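Visitor: I would like a close look at a single part of this protein. Please take me through the nonpolar core and the strands around it.

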Amino acid sequence: QVQPVESGGGSVQPGESLRLSCTSSEYSYRPDCVAWFRQAPGGEREVVARIFIDDNSTSYTDPVQGRFTISQDTAKNAVYLQMNILTPEDTAMYYCATTDLRKYTAATRQTQKRICLNSERITFDFWGQGTQVTVSS
């Protein structure tokens, strides 16, 4: 199965931590770029963190920088989102999305990296069903 599957969500109190996992049973498929998105009820979907698989470079949205860490385990074909010092504002459905960058056929490695980590126009080919994170007292 190429479609990613998320796990690790739950209900926690402010200041606590969670680690989300994004996995695929299709170990022959290695996406070039993986991102975590979140969407609060009635809110806009926003990107939280991205990772360029080739060199493990990452990017984060300002509200989570310093608290969240995206990483990968190539042996397990998994990407993680470690979330520390959680606040009620982090409450949302969290989605994992993956894509290859072959659609940008003229792009160099550095250009692909920039697209993965910074582009607002990048599209993702595969999306998970989401995992709920709730932070409340």
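Guide: Here is a walk from the core to the sheet and then to the pocket. Keep in mind that this is a predicted model. Start with the largest nonpolar core, which has 22 residues. The members that touch the most others are Trp 36, Val 48, Phe 68, Val 79, Leu 81, Met 83 and Tyr 94. Seven strands each give two or more residues to this core: S3 (18-23), S4 (33-39), S5 (46-52), S7 (68-73), S8 (78-83), S9 (92-99) and S11 (131-135). A second, separate core holds 11 residues, among them Ala 35, Phe 37, Ala 97 and Ile 122.

Now take Tyr 94. Beyond its neighbours within four places in sequence, its contacts include Trp 36, Val 48, Phe 68, Leu 81 and Met 83. Tyr 94 also contacts Glu 6, Arg 38 and Gly 130, among others.

Next, the sheet. Four strands make an open, antiparallel sheet in the order S1-S3-S8-S7. S1 (5-7) and S7 are the edge strands; each has a single partner, so one side of each lacks a neighbour in the sheet. On average, neighbouring strands here are turned by 20° against each other, direction ignored. Between S3 and S8 there are six bridges. One partnership is Arg 19 with Gln 82, the latter in S8.

Last, the pocket. The largest one has a volume of about 220 Å³. Its lining counts 18 residues, and Tyr 29, Pro 31, Asn 77, Ala 78 and Val 79 are the closest to its centre. S3, S7 and S8 each give two or more residues to that lining. Val 79 also appears among the core members that touch the most others.

Conventions: Residues are numbered from 1 along each chain as its sequence is written. This is a predicted model: local features need pLDDT of at least 70, side-chain atom pairs count only at pLDDT 80 or more; totals for chains, interfaces and linings use all residues. Side-chain values use heavy atoms; hydrogens and water are left out. A nonpolar core is a set of buried Ala, Val, Leu, Ile, Met, Phe, Trp, Tyr and Cys residues joined through side-chain atoms within 4.5 Å. Buried means under 20% relative accessible area, exposed over 50%, partly exposed in between (1.4 Å probe, protein chains only). Contact means heavy atoms within 4.5 Å. Two strands pair if DSSP finds at least two bridges between them. Axes are lines fitted to C-alpha atoms, for helices over the stretch in contact, and angles run from 0 to 180 degrees between N-to-C directions. On a 1 Å grid over the protein atoms alone, a cavity is a set of points where a 1.4 Å probe fits but cannot get out, and a pocket is an open set with protein on both sides within 12 Å along at least five of seven lines; lining residues have an atom within 4 Å of a point. Grid points are joined across faces, edges and corners, and a volume is the space filled by probe spheres set on the points.
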